[in-house]
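Let's take a walk through a protein structure together. Have a look at the sequence and the model first, and then we'll go through some of what can be read from them.

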Amino acid sequence: MIDSKRATFLGLSAVAVSAVLATSAWAAKEPLKIGVPTSLTGPYSQLGDEVKRAVEFAVNEANAAGGVDGRKVEVRFLDTEAKPDLARQQAEKLALEGYNIMTATIASSEVLAIGPMLGRWNALYVATVTKANDITGKQCQPRLFRVNRPDYSDAAVIQPWLATRSEAKWAIVAADYAWGRGSGEGFRNAAAATGKTVVSENYPPLGSNDYAAFIQKVLDSGAQGMWVALAGRDAITFARQAKQFGLFDKVTTAGISFTTDGTVKVLGDVVKGINTIINYSATLDTPANRKFVSDWAKAYPGDSPTNFGGETYIGMQVIFQAVKKAGSVKPADVAKAMAGGTFETILGTQLMRKEDHQLVGPNYFGIVEAVNGTLRPAIKMTVPAQTATPGPDANCKL
Amino acid sequence: MIQVINGLVYGSFLYVLAVGLVLIFGLRRVTNFAHGSFFMLGAYVSYAAAAHLGFWTGMIVSVAALAVFGALLDRFVFRPLSREEPIVTLLVTFGLLFVLEDAVRTIWGKDYISVSAPEALSGSVTLFGSQFPTYRLFVIAVAIAVALGLAVWLRSTKVGLYVRASSVDPVTTAMQGVDTDRLSALVVAIGTGLAGLSGTIAGPLMALSPSMGGYIIIDCFIVVVTGGLTSFTGAFVAALVIGQFHNLGLVYVPEVASVIPLLIMAAVLGLRPQGLAGPRK
């Protein structure tokens with residue numbers, strides 16, 4: 001009994017000493033302050049919530065392990081409502097407050113508004129879910145990086161799938177801003193390369209309430225297949241209305257960010273059988289991903305990381321490793337460590353290309369179906385990193 | 001032709017929401033910024049009630065709950081503030097919007113919710129050779145029922161006469177012995193009840209989220225201003241015109257479709273500053 005008490009006392013003392021030492025070490029070094037200008041409200045609020053949880057998970061995990069490079073990690077979130085102007089204002093506010101290593105904004109148009117200002121703010125930004133080619137293409141910036149798959153990577157995945165399809169006529173329904181337009185262009189190129197014809201292109205405004213006009217246009221076009229690039233609230237509203245019009249029963253449907261873990265959970269059988277590009281899935285069977293998913297379930301009981309959560313966690317892994325490698329939290333030093341570096345991620349070792357600051361990673365294709373009794377996007381095809389992330393983008397001059 | 005019917009559906013939906021705003025403005029002269037959040041609250045109340053009691057009972061519960069909420073709002077907010085500057089009440093409704101959004105976020109969470117149409121309306125009918133969702137025809141029917149119901153009430157009953165009189169001149173109406181406070185409570189209750197009704201019919205059409213009111217309220221204000229602020233007929237005509245042009249714009253000129261309602265409003269106000277059917281000053 002005495003031994004047990006003594007052991008407990010010694011154990012607690014050890015924990016207390018470690019905590020004090022960690023705190024002292026943290027006090028000695030400048031903290032790593034991460035700013036997250038993201039969609040806490042607006043049409044992408046659920047996506048904002050998914051990335052927020054991933055950032056918080058990564059920060060708590062890092063601090064519990066003694067911090068990053070002996071530094072405490074601090075994080076601050078500000079709402080951008082998916083509006084580019086507000087995103088730029090909020091990012092500037094974060095940078096001025098010292099949270100000048102930023103990440104996890106939802107809309108590409110927001111990142112394209114933030115990107116050109118990073119040098120002036122002495123900040124750095126790591127895109128984790130935004131897909132517009134221009135982010136690492138013609139609008140690339142020395143302080144701007146991306147870890148997720150761009151539109152051209154999704155096109156590289158859709159093309160081999162499209163080649164196997166018998167449907168000759170296709171329609172496009174995509175969000176009317178940089179990402180949706182880029183996705184539409186990527187699909188159009190993939191269709192042309194595989195001898196398909198795009199007979200109807202539709203770009204509904206972000207936050208639309210009624211998609212009937214677009215749904216009817218697709219029905220009237222004679223399209224046999226449809227490519228959808230809508231996300232968040234738009235994806236749910238469009239899917240619900242398209243189902244009522246019988247659109248999914250009439251045309252083969254494939255999409256990106258349309259049938260994600262989040263939207264499938266909300267829509268259920270409405271989107272069963274829809275083909276989808278999958279940029280990340282909690283079901284990916286790598287040791288690092290298994291551990292991530294298991295730790296996530298302990299932090300958020302009954303939950304598993306979504307595609308946006310997983311991609312954002314990869315962004316946090318890259319930031320932490322770059323800070324450690326730089327031995328500094330100065331954005332210039334971290335950017336230097338990031339460009340051309342290799343990083344251990346939950347999807348394996350990945351290169352951050354120095355030519356365009358794009359992380360070279362794999363991509364996946366699948367279908368919405370029941371997996372262990374739960375409807376979710378299930379991977380059917382894996383495209384390796386070198387094929388899935390072609391290029392560096394020649395439009396990027398760093 | 002199917003696209004015209006689609007425009008009619010959106011216009012009908014706008015009308016049911018906008019006419020509540022017209023009622024409240026007519027009696028209380030309150031520009032109710034919180035109307036979009038009443039619509040949102042109606043959608044959530046209906047969703048929660050329907051989960052246990054079915055869609056139709058959910059609709060009744062939502063309308064009743066929002067009507068009670070409106071009566072209380074009139075008694076404890078609009079009436080005490082009626083002697084203050086209009087800007088005070090306007091700011092209070094603006095604050096109420098945030099309070100309601102946060103309350104709903106706390107109760108139901110911030111994740112999106114999708115609601116199925118009731119079984120009886122989940123199919124489709126053939127119209128002009130195309131398959132058309134039955135639920136969308138139901139939305140048109142609801143708008144017609146609301147328009148007819150309000151027309152009969154306002155034009156054929158004594159209370160309706162008082163409401164019309166009070167909308168034009170509340171002071172003189174009160175001097176004639178009409179209890180305008182009780183009348184206002186009734187009218188605000190009906191206005192918020194209609195917000196509950198529009199929230200309910202929105203459920204199977206769009207994703208539910210605490211901020212969903214923000215996506216519709218601008219179009220709703222455009223309808224009210226174009227129609228003439230206090231005019232029920234004006235709101236009806238404006239909703240149908242704006243719904244139609246908005247939808248046809250998406251079909252034929254999608255690049256500029258989002259500004260078409262604003263252009264219509266600007267054109268109407270340029271030609272008739274009092275709106276389509278507003279009283280001449």
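Of the 281 residues in chain B, 55% count as buried. Keep in mind as you read on that this is a predicted model. "Buried" here has a definite cut-off, namely a relative accessible area under 20%. For a clear case, pick out B:Cys220, which is buried with a relative accessible area of 0%.

What is chain B built from? Its secondary structure comes to 11 helices and 2 strands. Follow chain B from the N terminus and the elements read α-α-α-α-β-β-α-α-α-α-α-α-α. The radius of gyration of chain B is 18 Å, close to the 19 Å that the globule rule gives for 281 residues, so chain B is as compact as a globular protein of that length. If you'd rather think in terms of a box, the C-alpha trace of chain B spans about 60 × 45 × 35 Å along its principal axes.

Now for how chain B folds back on itself. Take the contacts between residues at least 6 apart in sequence: 75% of them in chain B join residues at least 24 apart. On the outside, chain B exposes about 12,000 Å², and carbon and sulfur atoms supply 69% of that area. As for charges, chain B has 15 positive and 12 negative ones, and the mean positions of the two sets are 10 Å apart.

Let's zoom in on one residue, B:Leu127. You'll find B:Leu127 in strand S1 of chain B, which covers residues 124–127. Is B:Leu127 buried, exposed or partly exposed? With a relative accessible area of 21%, B:Leu127 is partly exposed. Leaving aside residues up to four places away in sequence, B:Leu127 touches B:Ile2, B:Ile5, B:Phe132 and B:Leu137. Now try finding B:Gly95 as well: B:Leu127 and B:Gly95 are 32 residues apart in sequence, and their C-alpha atoms are 45 Å apart in space.

Over to the disulfides. A disulfide is a covalent bond between the sulfur atoms of two cysteines. How many are there over all chains? The count comes to 1. This disulfide joins A:Cys140 to A:Cys396, with 2.1 Å from S to S. A:Cys140 lies in the loop between strand S4 (124–127) and strand S5 (144–146) of chain A, while A:Cys396 lies in the segment after helix H15 (385–388) of chain A, so the pair ties together parts that are 256 residues apart in sequence. The link of A:Cys140 and A:Cys396 is right-handed, with 95° about the S-S bond. Both ends are tucked away from the outside: A:Cys140 is buried at a relative accessible area of 9%, and A:Cys396 counts as buried at 8%.

Last stop: two backbone curiosities in chain A. Phi of A:Ala82 is near 65°, a positive value in a residue other than glycine. A:Ala82 sits in the loop between strand S2 (73–79) and helix H3 (84–96) of chain A, and at 5% relative accessibility A:Ala82 counts as buried. A:Ser257 also has a positive phi, near 60°, and is a residue other than glycine. Where is A:Ser257 placed? Look in the loop between strand S9 (252–255) and helix H11 (261–267) of chain A. A:Ser257 is buried, with a relative accessible area of 8%.

Terms used: Residues numbered from 1 in each chain as written. Chains lettered and ligands numbered in written order. Predicted model: local features only at pLDDT ≥ 70, side-chain atom pairs only at ≥ 80, totals over all residues. Heavy atoms only, no water. Helix = DSSP H or I, 4+ residues; strand = E, 2+ residues; numbered from the N terminus. Rg over C-alpha atoms; globule rule 2.2 N^0.38 Å. Buried < 20%, exposed > 50% of the residue type's maximum accessible area, 1.4 Å probe, protein only. Contact = heavy atoms within 4.5 Å. Areas by Shrake-Rupley, 256 points an atom, 1.4 Å probe, with all protein chains shown as cover. Lys, Arg positive; Asp, Glu negative; His and termini not counted. Charge placed at Lys NZ, Arg CZ, Asp CG, Glu CD. Disulfide = S-S within 2.5 Å.
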